[in-house]
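Welcome! Let's take a friendly walk through a few helices of this protein.

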Amino acid sequence: MSSSQNGNPLRVLVVGCGNMGASHAFAYQLIDGFEICGIVSTGKSKEVLNEKLGGGYSLFSDYETALKETRPDAVCISTYPDTHENFAVMALEHGAHVFIEKPLADTVEGAKRVVEAAKTAGKKVVVGYILRVHPSWERFVAEAQNLGKPLVMRMNLNQQSHGYMWGVHRNLMKSLSPIVDCGVHYIDVMCQMTRSKPLRVNAIGARMTEDIPAGNYNYGQLQIWFEDGSVGWYEAGWGPMISETAFFVKDVIGPKGSASIVAKDAGGSGKSSSVEAHTKTESIRVHHAELNEQDEFVHQDTWINLEDEPDHQELCNREQRYFLKAVTENLDLTDHLQDAVTSLQIAFACDESVKTGRTVDLV
């Protein structure tokens, strides 16, 4: 029996101490029901995090050693995507539950292997789709579902990164493109909005810097067709050359009107690479399409200002509360994992489309 089920806290090994890893570690310290049993990173970030957490935690440079020595109930994986599959499978084989940052793996086959390993081990795997625990985004999806079908979904997240963030982006682009790394969130949102089968994708990309691997691109735009007639596009660009003019578009249109997330503050103040700004929605504007006999609008637009606007740390806390609930209440995560695989499958099909210049069928 794991600690969680006998009333003891869930002992978690924290792997990766960057932005997300640190936030999850703070969540574990804050939430009753968790206890950090070790911190793993290859570089100095583990010492920095240990100090921020108040010190006293066991530190490891080698993941496998940490697994064997701490024998955790759960492992939190916030490393670069090219390690996700291997680290998750190892944790599951050691009998630990897994919280893993998206994407689940850096290939679709890898993601499926993680899902299979979770089944074999009888353990929980929760993927860090942070927008799924965000009340504003839950509301945005709900509003989209009131607009009729087909839907037109328009989304982007362009980041004018420099300094520390450009370093992060360059590292990410060693294994993934921006439309895969970031796009999985918004592809997941589109799938939730339509709850329809994605049929095919088309995508374009451009490599605007010598600072990234030859086969990759730091600007991409994808288009998805769904079975119910809905269509969506998503755009992501990373780097010092990216424009901030329209970095944050989150828009859904249906026969009955439209709903838009309006990031007034972030949009007006040059904060496109701030992680805080990405999750802040500020307001949802709902437009009603109904016309009267003079073809004028019957209803004025509705502004939904959500009071419950969690910051980035609180969103991570919510993700970890969900993880704890999944373990302690034995939640069925079949759909959760299938959605994670599907969004990744769509994102990689988009990558293929960029590289081949062709439309890619998903069915």
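## A look at four helices

All 12 of the 12 residues of helix H9 are buried, so H9 is largely enclosed by the rest of the structure. Keep in mind as you read that this is a predicted model. The buried residues of H9 include Gly183, His185, Asp188, Cys191 and Thr194. Just after H9 comes arginine 195, with a positive phi near 45 degrees.

Further along the chain lies helix H12, covering residues 312-328. Its buried residues are His312, Leu315, Cys316, Asn317, Glu319, Gln320, Phe323, Leu324, Ala326 and Val327. Many of these sit three or four places apart in the list, and there is a general reason to look for such spacing: an α-helix has 3.6 residues a turn, so residues three or four places apart point the same way. H12 is followed by asparagine 330, whose phi is positive, near 50 degrees.

Here is how the two helices compare with their expected spans.

| Helix | Residues | End-to-end C-alpha distance | Expected span |
|---|---|---|---|
| H9 | 183-194 (12 residues) | 17 Å | 16 Å |
| H12 | 312-328 (17 residues) | 25 Å | 24 Å |

Now for a pair of helices that meet. The axes of H3 (residues 63-70) and H4 (residues 84-93) come within 11 Å and cross at roughly 20 degrees. Angles under 35 degrees count as roughly parallel, and H3 and H4 are therefore roughly parallel to each other. Their crossing is right-handed. Where they touch, Tyr63, Glu64 and Leu67 of H3 meet Phe87, Met90 and Ala91 of H4. By class, this contact has five nonpolar residues, one charged residue and no polar ones.

Notes. Residues are numbered from 1 along each chain as its sequence is written. This is a predicted model: local features need pLDDT of at least 70, side-chain atom pairs count only at pLDDT 80 or more; totals for chains, interfaces and linings use all residues. Side-chain values use heavy atoms; hydrogens and water are left out. Axes are lines fitted to C-alpha atoms, for helices over the stretch in contact, and angles run from 0 to 180 degrees between N-to-C directions. Helices (H or I, at least four residues) and strands (E, at least two) are DSSP runs, numbered from the N terminus. Angles under 35 degrees count as roughly parallel, over 145 as roughly antiparallel, 65 to 115 as roughly perpendicular and the rest as oblique. A crossing is left-handed if the near helix is turned anticlockwise from the far one by less than a right angle, and right-handed if clockwise. Contact means heavy atoms within 4.5 Å. Ala, Val, Leu, Ile, Met, Phe, Trp, Tyr, Cys and Pro count as nonpolar, Asp, Glu, Lys and Arg as charged, and the others, Gly among them, as polar. The expected span of a helix is 1.5 Å times one less than its number of residues. Buried means under 20% relative accessible area, exposed over 50%, partly exposed in between (1.4 Å probe, protein chains only).
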